[in-house]
Amino acid sequence: IYSIELFKKSEGYILEQLDWNLRVITPYQFVHHYISKGCIFSSDQTAFPNVDADILRYLRRYSECFVNLSLDDYEFNQYPAHIVACAAIASTRKLIGISPFWNTELEELTGATWDTIEPCFNELYR
């Protein structure tokens, strides 16, 4: 139905509108990066005697779920991607019973303070 030429013109128009800036890091990618660096610390209080592969798997899966929830709500477009990722990690830590769910180690890892992520966290965890 559509010609190849029309597709080329459409793609060119889109790229011009984006100023050829196609490099975007998503909350999902930030979550994976932060989790790969470690988001559970020896100073954390948990109901689990040991942090094992299951807990780490839950941390990853639930964080991904929270990010997916943020994609369904236009309200989250107001937050930078790394803030949504931080709120997803904090929400997951709260959900699986890790306290505090945001601490200084996470601040150092992500560069985000609780005051910065709290509004996004409140929207995401509701």
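The overall architecture of the protein is described below, followed by the surroundings of two residues, Ser91 and Asn103.

The structure is a predicted model. Six helices and zero strands were assigned in the protein, giving the pattern α-α-α-α-α-α when read along the sequence. The radius of gyration is 18 Å, well over the 14 Å that the globule rule gives for 126 residues, so the protein is more spread out than a compact globule. Along the principal axes, the C-alpha atoms fill a box of roughly 60 × 30 × 25 Å.

Burial, contacts and surface were then examined for the protein. Of its 126 residues, 32% count as buried. Among contacts with a separation of 6 or more, 77% are accounted for by residues 24 or more positions apart in the sequence. The accessible surface amounts to about 8400 Å², and carbon and sulfur atoms contribute 53% of this area. With regard to charge, the protein carries 10 positive and 17 negative side chains; the centres of the two sets lie 7 Å apart.

Ser91 is located in helix α4, a segment that spans residues 81–95. Its relative accessible area is 0%, and Ser91 is therefore buried, the cut-off being under 20%. Within the helix environment, the side chain of Ser91 reaches the backbone oxygen of Ala87 at 2.8 Å. When residues up to four places away in sequence are not counted, Ser91 touches Phe66, Phe121, Leu124 and Tyr125. One of these partners, Phe66, is 25 residues from Ser91 along the chain, and the C-alpha atoms of Ser91 and Phe66 are separated by 7.6 Å.

Asn103 is found in the loop between α4 (81–95) and α5 (104–110). The relative accessibility of Asn103 is 8%, which is under the 20% cut-off, so this loop residue counts as buried. The side chain of Asn103 reaches the backbone nitrogen of Glu105 at 3.2 Å, and Glu105 falls within the range given for α5 (104–110). Contacts of Asn103, not counting residues up to four places away in sequence, are made with Phe41, Asp44 and Arg93. Of these residues, Arg93 lies within the range of α4 (81–95).

In both cases, a buried residue has a side chain that reaches a backbone atom: for Ser91, buried at 0%, this atom is the oxygen of Ala87, whereas for Asn103, buried at 8%, it is the nitrogen of Glu105.

Note on methods: Residues are numbered from 1 along each chain as its sequence is written. This is a predicted model: local features need pLDDT of at least 70, side-chain atom pairs count only at pLDDT 80 or more; totals for chains, interfaces and linings use all residues. Side-chain values use heavy atoms; hydrogens and water are left out. Helices (H or I, at least four residues) and strands (E, at least two) are DSSP runs, numbered from the N terminus. The radius of gyration is taken over C-alpha atoms; the globule rule is 2.2 Å times the number of residues to the power 0.38. Buried means under 20% relative accessible area, exposed over 50%, partly exposed in between (1.4 Å probe, protein chains only). Contact means heavy atoms within 4.5 Å. Accessible areas come from the Shrake-Rupley method with a 1.4 Å probe; for residues, only the protein chains shown count as cover. Lys and Arg count as positive and Asp and Glu as negative; His and the chain ends are not counted. The place of a charge is taken as NZ of Lys, CZ of Arg, CG of Asp or CD of Glu. A polar contact is a pair of N or O atoms within 3.5 Å; within protein, one must be able to donate a hydrogen and the other to accept it, and residues adjacent in sequence count only if both atoms are side-chain atoms.
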